[in-house]
Amino acid sequence: MSQIQSEAAQILQMQRGEDKRLTGRQRIEPRKYAQMKEAEKREREKLIQELENETIPQKQIKAILEGFRKQSIGKGYPKEFFKELSDLKQNTKETALKDLETLLNDLSKRIRSPKKRKRAFKTRVRKTKRAKKRGIRKQTK
């Protein structure tokens, strides 16, 4: 049977796998394989959860905040953004990475750069114009 499969693979230009007699591999039943993968997934999620909840030392937090500040330079953020970032850097103690991430996202959303404010304003104006046009079209029909 193996010989026929090898010949068919050559004709169809397919690649044959390794012979299980040579590798010594055993077949894993589908349900057993699914259980193994599910256990791996649970373990991976547990590790991720532990890493997210792990507290970061203040020295490392300062380094992260400094890196964030350097990335934000030249993106049009106002001075108050950098002042709050500096205050955060001085007053933050050991905290979880997830909490630090939330703080930085809240700060950047709360104090958006002028470019982002201008873009958001233009989008609102466009939407308003479209809505007015649709309203006029509906009235004329």
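## A walk from M14 to helix 7

Start by selecting M14, which is exposed because its relative accessible area is 53% (exposed means over 50%, buried under 20%, and partly exposed in between, with a 1.4 Å probe and protein chains only). You are looking at a predicted model, in which local features need pLDDT of at least 70 and side-chain atom pairs count only at pLDDT 80 or more, while totals for chains, interfaces and linings use all residues. Residues are numbered from 1 along each chain as its sequence is written, and side-chain values use heavy atoms, leaving out hydrogens and water.

M14 sits in the loop between helix 1 (2-11) and helix 2 (20-23); helices here are DSSP runs of H or I with at least four residues, numbered from the N terminus. Add I11 and L12 to your selection: with M14 they form a nonpolar surface patch of about 370 Å² accessible area together. Patch members have over 30% relative accessible area and no salt bridge, with nonpolar side chains joined within 5 Å and like charges within 9 Å. The areas come from the Shrake-Rupley method with a 1.4 Å probe.

Next, pick D19 and R21, whose side chains meet in a salt bridge at 2.8 Å, N to O. The term means a side-chain nitrogen of Lys or Arg within 4 Å of a carboxyl oxygen of Asp or Glu. D19 is partly exposed at 29% relative accessible area, whereas R21 is exposed at 66%. The structure holds seven salt bridges.

Move on to K37 and E40, another such pair, with the closest N and O atoms 3.4 Å apart. They are three residues apart in helix 3 (residues 30-53), so about one helical turn separates them. Both are partly exposed, K37 at 38% and E40 at 39%.

Now try helix 4 (residues 58-72), where E66 and R69 also lie three residues apart, about one turn. Their salt bridge has its closest N and O atoms 2.5 Å apart. Select K89 too, and you have a network of salt bridges linking E66, R69 and K89.

Finish at helix 7 (residues 114-140), home of K133. K133 is exposed at 51% relative accessibility, while R126, also in helix 7, is partly exposed at 44%. Both belong to a positive surface patch, together with K122, K127, K129, R130, K132 and R134. How far apart are the C-alpha atoms of K133 and D19? They are separated by 70 Å, with the two residues 114 apart along the chain.

Note on methods
Helices (H or I, at least four residues) and strands (E, at least two) are DSSP runs, numbered from the N terminus. Lys and Arg count as positive and Asp and Glu as negative; His and the chain ends are not counted. The place of a charge is taken as NZ of Lys, CZ of Arg, CG of Asp or CD of Glu.
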